[in-house]
Amino acid sequence: MNPTGAAANFDFSGRVAVVTGGTGILGRAIARGFRRSAARVAILARNPAMVSETATELGTEDEVIGVSADVLDADQLRSALQTIAGRWGGLDVLVNAAGGNLAGATVAPGGSFFDVKAEAIRQVVDLNLMGTLLPIQVFGRAMAQAGTGAIVNVSSMAASRPLSRVVGYGAAKAAVENATRWLADHTARLIGPGLRVNAVAPGFFLSSQNRDLLVSANGELTDRGRRIVDSTPMGRLGNPDDVVGPVLWLASEASRFVTGAVIPVDGGFSAASVL
């Protein structure tokens with residue numbers, strides 16, 4: 001039975017989605033969400049073993065392809081595009097989920113920003129900002145030539161609400177949001193309304209990078225984790241699947257008049273009032 005009406009907007013049959021950082025916590029969930037909606041999915045990440053494992057987990061060779069590439073290497077990205085286009089002819093959706101933080105770009109507990117190494121900040125800015133812009137230049141060009149497609153960047157609530165200690169990451173994600181809005185205007189005027197650029201801004205989701213900060217060995221929230229949950233109106237940390245729906249919406253025809261938007265996915269954290 002083919003979907004009709006509103007449900008048809010979320011049927012990605014015949015469409016190809018590329019997910020950078022597709023082996024990560026959020027990237028893998030997003031890729032799985034596209035597969036559930038019948039899209040063919042290309043998983044892109046640096047680690048070949050993890051890429052292969054994730055691709056095998058998500059579907060058959062006809063449904064999912066794993067491509068090992070560094071989002072900071074334009075030549076590798078162009079090679080990845082050739083592989084994907086050779087298999088499926090092109091792409092319709094690009095989700096930039098590659099990113100993350102580095103301990104060296106974070107102010108140490110009780111420490112000072114003035115002691116943070118400039119090189120660590122550069123690395124975080126490169127990973128999050130250039131790791132978003134370079135894939136857009138490579139994969140987005142293919143969509144621009146076709147005159148249609150959807151680009152969804154993964155930002156963070158740290159972009160709009162400064163969080164303690166994560167100076168490099170917050171600055172990098174703020175740049176991602178600015179670039180998202182700039183590109184939305186640029187592509188709509190240059191190419192037309194068929195190519196849209198939006199972003200999601202996740203709140204606190206458990207990952208390998210922050211687990212020790214938020215959850216203790218016995219599974220209980222740490223003091224920091226408890227403060228975060230207490231400051232979140234919905235009263236919990238995010239689950240990876242929580243970000244899937246907003247991404248699918250931004251990639252679908254249901255949001256065809258939406259571009260340049262940044263959608264918070266944070267349980268209300270960014271909207272909460274502190275009295």
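Author: Helices and strands here are DSSP runs, with at least four residues for a helix and at least two for a strand. By that rule, this predicted model has 8 helices and 7 strands.

Reader: What makes the protein as compact as a globular protein of its length?

Author: Set two values side by side. The radius of gyration is 18 Å, and the globule rule gives 19 Å for 275 residues. The two are close, so the protein is as compact as a globular protein of that length. Along its principal axes, the C-alpha trace spans about 55 × 40 × 40 Å.

Reader: How many of the contacts join residues at least 24 apart?

Author: Take the contacts between residues at least 6 apart in sequence. Of these, 69% join residues at least 24 apart.

Reader: What share of the residues is buried?

Author: Buried residues make up 46% of the 275. As for the accessible surface, it comes to about 13400 Å², and 53% of that belongs to carbon and sulfur atoms.

Reader: Why is Leu-214 called buried?

Author: Buried means under 20% relative accessible area. Leu-214 has 1%, so it is buried. This residue is found in helix α6. It touches several residues beyond four places away in sequence, among them Phe-204, Leu-206, Thr-222, Ile-228 and Leu-237.

Reader: Is Thr-222 buried or exposed?

Author: Thr-222 has 17% relative accessibility. The cut-off is 20%, so Thr-222 counts as buried. Thr-222 is found in the loop between α6 (211–214) and α7 (223–230). Leaving aside neighbours within four places, its contacts are Asp-212, Leu-213, Leu-214, Val-215 and Ser-216.

Reader: How far apart are Thr-222 and Arg-211 in space?

Author: They are 9.7 Å apart, C-alpha to C-alpha, and 11 residues apart in sequence. Leu-214 and Arg-227 are 13 residues apart in sequence and 9.5 Å apart in space, again C-alpha to C-alpha.

Reader: Now the charges. How many positive and negative side chains does the protein have?

Author: There are 24 positive and 23 negative side chains. The centres of the two sets lie 4 Å apart.

Reader: Why is the pair Arg-122 and Glu-119 called a salt bridge?

Author: The rule asks for a side-chain nitrogen of Lys or Arg within 4 Å of a carboxyl oxygen of Asp or Glu. In this pair the closest N and O atoms are 3.4 Å apart, so the pair forms a salt bridge. By this rule the count comes to 8 salt bridges.

Reader: What separates Arg-122 and Glu-119 along helix α4?

Author: They are 3 residues apart in helix α4 (residues 118–146), so about one helical turn separates them. Glu-119 is partly exposed, with a relative accessible area of 42%.

Reader: How do you know that Arg-189 is exposed?

Author: Exposed means over 50%. Arg-189 has a relative accessible area of 70%, so it is exposed. Its salt-bridge partner is Asp-185, at 2.6 Å from N to O. Asp-185 has 39%, so it falls in between and is partly exposed. The two are 4 residues apart in helix α5 (residues 167–190), about one helical turn.

Reader: What makes Asp-242 and Arg-236 partly exposed?

Author: Partly exposed lies between the 20% and 50% cut-offs. Asp-242 has 28% relative accessibility, so it counts as partly exposed. Arg-236 has 39%, so it does too. Their side chains meet in a salt bridge at 2.8 Å, N to O.

Reader: Which residues are joined into one network by salt bridges?

Author: Arg-28, Arg-32 and Glu-57 are joined into one network, through salt bridges that share partners.

Note on methods
Residues numbered from 1 in each chain as written. Predicted model: local features only at pLDDT ≥ 70, side-chain atom pairs only at ≥ 80, totals over all residues. Heavy atoms only, no water. Buried < 20%, exposed > 50% of the residue type's maximum accessible area, 1.4 Å probe, protein only. Rg over C-alpha atoms; globule rule 2.2 N^0.38 Å. Contact = heavy atoms within 4.5 Å. Areas by Shrake-Rupley, 256 points an atom, 1.4 Å probe, with all protein chains shown as cover. Lys, Arg positive; Asp, Glu negative; His and termini not counted. Charge placed at Lys NZ, Arg CZ, Asp CG, Glu CD.
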